Amino acid sequence: MTAGIFSRTLTDGAARLAAEDPTLHGLLEREQLRQHETLAMVAAASTADPSVLVCEASSAGNVTTEGYPGARYHAGCEVVDEVERLAVERAKEAFGARYANVQPHSGSTANQVVLCSLLSPGDVVLGMDLKAGGHLTHGAPASMSGRFFTAVAYGLGEDGLIDYDAVAALARRHRPRLIFCGASAYPRTVDFRRFRAVADEVGAYLVADISHIAGLVAAGLHPSPVDVAHVTTTSTYKQLYGPRGGLILLGRDADLRTASGKTLAATLQDAVFPYLQGTPRLNTVAAKARALAQVATPEFRRLARRVVDASAALAKELDSRGHHVLTGGTDTHMVLLDVGRRGLTGRIAERALESCGIVVNKNSIPGDPHGPRVTSGVRLGTNVLALRGMGPAEMAECAELLDTVLAAVVPAGDRDYVLDEAVRTEVATRAAALCRRFPLPDHPLPARALPGPTAAAA
Ligand SMILES: *Cc1c(COP(=O)(O)O)cnc(C)c1O
């Protein structure tokens, strides 16, 4: 198909931005370069395909309306109705779901929608402790989920794994109305069936939040909760390589009656709008439709396989270099390291690695003596590395780079550190070379000399 008005608008818009607003254009240019030239190992991140990015930039975002396809509160929705129907169909297809809502602005909003529509204020919610790897929206005191509801938290066993008997005991004692499973920092398979048995025993709703592992679930590399939990939620920008946003999915229980007398599907449909949100971002809905189409391809299943294979290799390599890998390994894209045992904080590790072009994030670990801004852990993920085409073979080099920095960094308090300049230069050069050898697909690296490490970041 030839470039139509949509494509021309994007090209012309980019040209006008460069000409009329070089400051902002320059910043966006620099950010894209940064993504090319750094080894991104943030487990909660991915890189959206250019075809997803252009949907986000499309004029579908100009359409103001409320409601759903065929039942909008404004005229002019004939085309965007088709876009949203397409996104819903693709979401159902990708996850084998019976109902999908593609409007949540984020994964957090999706969880708030579920909480506020199925519970009354003060009801008991059981979720994983934030420090054990749970998410803020699962009942943390800092979030509305912990302020408007009575939150009870489960932790992990000594081995770093979910202790399902302990979860069941807490459920019997506190009688939650809703149980969250799925986490932000848990590298192992979640047994959704065990959770559902606990929920059924105490009459609670089970909500599976698969924000981190949605790609593995769609690819069949992690068991799916869609027909096991009452409700499944996810963000779309992590392992779905999509735009920033959320999804709500229902399977087998879509027609279950809630306290309102409506079905679960109708209850959630009426909760995203008008209960929690106003206008949908239809440009983002288009981007979700595009990402979900990619998720359904054999290429995506191969990518997901590379994600887990790389992650397993990374865990093994780091372990063999004497690093403490939580739970001893991984089943997912995620590897958690305890750097406190090496006398480091997560914050120092994060900053030292960033100064060498390796982007990770500090993360609390079970029993962490430090708060969330310092922490004793580092969370790594392979979503972006695998997208670049790296697999187990390249993880030996990534582990070596990580190890070189973590072994050389000398802490000075909880926040400051000293890193030998020669080490920094060597690692930064090798990390940049790795990025050049494995460019982001469809984003060829510019043919210019890569800048050296950003000394300012130290
Ligand atoms: C990232 C995450 C979310 C929140 O997603 P946002 O789209 O950033 O709001 C929710 N739950 C879990 C488990 C997450 O990891």
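This passage describes the surroundings of the ligand and of two residues, K238 and N111. The model is predicted; local features need pLDDT of at least 70, side-chain atom pairs count only at pLDDT 80 or more, and totals for chains, interfaces and linings use all residues. Residues are numbered from 1 along each chain as its sequence is written, and side-chain values use heavy atoms, with hydrogens and water left out.

The ligand is surrounded by 13 residues. A residue belongs to this shell if one of its heavy atoms lies within 4 Å of the ligand. The closest are G107, S108, D209, Y237 and K238. By class, two shell residues are nonpolar, nine are polar and two are charged. Here Ala, Val, Leu, Ile, Met, Phe, Trp, Tyr, Cys and Pro count as nonpolar, Asp, Glu, Lys and Arg as charged, and the others, Gly among them, as polar. Helix α5 (residues 107-118) supplies the largest share of the shell, three residues. Helices (H or I, at least four residues) and strands (E, at least two) are DSSP runs, numbered from the N terminus.

Oxygen atoms of the ligand lie close to several polar side-chain atoms. For Y237 the distance is 2.6 Å. For K238 it is 2.7 Å. For S235, an N or O atom of the side chain is 3.4 Å from a ligand oxygen. Taken alone, the ligand exposes 380 Å², and the protein buries 88% of that. Accessible areas come from the Shrake-Rupley method with a 1.4 Å probe; for residues, only the protein chains shown count as cover.

K238 sits in the loop between β9 (231-235) and β10 (246-250). An unreviewed UniProt entry places the feature "modified residue: N6-(pyridoxal phosphate)lysine" at K238. Such annotations may be inferred rather than shown by experiment. K238 is buried, at 7% relative accessible area. Buried means under 20%, exposed over 50%, and partly exposed in between. Leaving aside neighbours within four places in sequence, K238 is in contact (heavy atoms within 4.5 Å) with A44, A45, S46, S211, H212 and N383.

N111 lies in helix α5. N111 is also buried, with a relative accessibility of 1%. The side chain of N111 makes a polar contact of 2.9 Å with that of T137. Another, of 2.8 Å, joins the side chains of N111 and T233. A polar contact is a pair of N or O atoms within 3.5 Å; within protein, one must be able to donate a hydrogen and the other to accept it, and residues adjacent in sequence count only if both atoms are side-chain atoms. Beyond neighbours within four places in sequence, N111 is in contact with T137, H138, F180, D209 and T233.

Terms used:
Buried means under 20% relative accessible area, exposed over 50%, partly exposed in between (1.4 Å probe, protein chains only).
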